[in-house]
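Colleague: Could you walk me through a model, one question at a time?

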Amino acid sequence: MQLWYQEETGNGFTGIMGRIPFFGAMAFALAIVVGSATAAEVELLDLPGEIDIVSIKGEITEGDSGRFYDLVKERDRITVILQSPGGLVKEALQIGAEIRIKNFATMVASDGECFSACGLIWVSGARRYMSPDSKIGFHAAYREENGEYKESGVANAEIGSFLTHLGLRIEAIRYFTVAGSDEFLLLTPERARSLGIDVYEQNGTELTTPEQAPTVDVYADRFVSYGILRSRCAGYLQMDADVVERAHMDAIKTGQAIAGNDAWVDIWTAMLEEAKAEINTKGPLLVCIKTEAHLRSQGQPSGIHGPSYACSKATTPSELAMCDDESIWAKDRAMNSIYFWIRDNVEPELRKRILGVQRIWLTDRNGCGANKECLNSVYDQRLQELKTIVIQRFR
């Protein structure tokens, strides 16, 4: 008895290379073929360029994972092109695991067909390429018994575990295994993004990257991040509230448009719970600094346009260096807000001790001169110390 994850797709397969625009008219010269008459064709294509191209074409059968491993084990940069009706689950999962371990890319070309077990290989790619008319389909794993096809709970559990290790969320896993053995669900670029699967979409000569068309998870992350800035960080960071509000609303609108309202709420709610737990563990001060840096690393506005002082009035090497380093701006603003709150609200004896330590710290900071690594380090250390001070105003 064998476990299958496949779909009948008609007679034979059409060619691949003519429908991959960025390969142009290059031919399959000197292909190294590994396989047999009944196994999938696993080929290393001898093409110009720094990235090797491996083609897997045909039904995935016993031994194909070993043949794939033998072909790629000495190679580091590979794009795997897929054209297959599916086949054995365990072979596909082993191929997929090798692809993910070695950070290979996967591709289903324009008009290419990749069903069932083949789709598990495609989704394993560290970079997943597809076109709007690529046919990538999924259904539940099944086994054949006495001429009848029955769903295999064991195989589907293995698929779910594998997809979880790839970092896919439960909605994607359900999509891959919900259809019956006599049907399948097709995955479009838009549907992939709504399930949290980032793709490189090849449309003719145009390539849309995951950065240009993020998944709904990215927008949910932004929504939660901006929510934290609005609700917990204004007192610390003194951001431009209008900038944060606009970005917050943009994340909501785009996320809802991609996933639909119900799915959108489920996604960001889970992320919000994680954010709340982090605030409880690390404290709002450090989470605010981290959140601002996270948004900035994605090229998103955080409403912070400089340090706590006017850079036009900067005179010391440290002040000038800080004006040139966005990574310090939020930290300096938080430090400045805490300093003035302590000065104006803490009882005299405690205030004197805290501000005395702060003046020593300021001397250390200025001692960094224009060394930005040193400046970041002294800010991080001091903020870590100050996180234990409960400041009612910033709650």
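Here are some questions and answers about sheet, disulfides and one helix.

Modeller: Before you start, this is a predicted model, where local features need pLDDT of at least 70, side-chain atom pairs count only at pLDDT 80 or more, and totals for chains, interfaces and linings use all residues. Residues are numbered from 1 along each chain as its sequence is written, and side-chain values use heavy atoms, with hydrogens and water left out.

Colleague: Okay, which strands are the edge strands of the open sheet?

Modeller: Strands here are DSSP runs of E with at least two residues, while helices are runs of H or I with at least four, and both are numbered from the N terminus. Two strands pair if DSSP finds at least two bridges between them. The sheet has 3 strands in the order S8-S10-S13, with mixed pairing. Those that pair on one side only are the edge strands, S8 (113–115) and S13 (185–186).

Colleague: In which sense do S8 and S10 pair, parallel or antiparallel?

Modeller: Look at Cys114, which stands opposite Ile136 in S10. Strand S10 covers residues 135–138, and over 3 bridges its pairing with S8 is parallel.

Colleague: Now the cysteines: how many disulfides does the structure hold?

Modeller: A disulfide is a covalent bond between the sulfur atoms of two cysteines. The cut-off used here is a pair of cysteine sulfur atoms within 2.5 Å. Number the bonded cysteines of the protein chain in sequence order and the pairing reads 1-2, 3-4, 5-6, 7-8. The number of disulfides is 4.

Colleague: How many residues apart in sequence are the parts that Cys233 and Cys288 tie together?

Modeller: These two are joined by a disulfide, S to S 2.0 Å. Cys233 lies in the loop between helix H7 (216–232) and helix H8 (234–237), and Cys288 in helix H11 (residues 284–297), so the parts they tie together are 55 residues apart in sequence.

Colleague: What about Cys311, is it buried or exposed, or something in between?

Modeller: Buried means under 20% relative accessible area, exposed over 50%, and partly exposed in between, using a 1.4 Å probe and protein chains only. Cys311 has a disulfide to Cys323, S to S 2.1 Å. Its partner Cys323 is buried at 18%. Cys311 has a relative accessible area of 33%, so Cys311 is partly exposed.

Colleague: Which handedness does the disulfide of Cys368 and Cys374 have, left or right?

Modeller: Their sulfurs sit 2.0 Å apart. Cys368 is buried, with a relative accessible area of 9%, and Cys374 is partly exposed, with 27%. The torsion about the S-S bond is about -60°, so the disulfide is left-handed.

Colleague: Let's do helix H9. Within what arc do its buried residues fall?

Modeller: H9 (residues 241–259) has 19 residues. Its buried ones include Val243, Ala247 and Ile252, while on the other side Asp242, Arg246, Lys253 and Ala257 are exposed. The arc is that of the directions from the helix axis to the C-beta atoms. Seen down the axis, the buried residues line one face of H9, because they fall within an arc of 170°.

Colleague: And which helices do those buried residues pack against?

Modeller: Contact means heavy atoms within 4.5 Å. For the buried residues of H9, the partners are H7 and helix H10 (261–282).

Colleague: Last one: what phi does Gly260 take?

Modeller: Gly260 comes just after H9, and its phi is positive, at about 85°.

Note on methods
Expected span 1.5 Å × (residues − 1).
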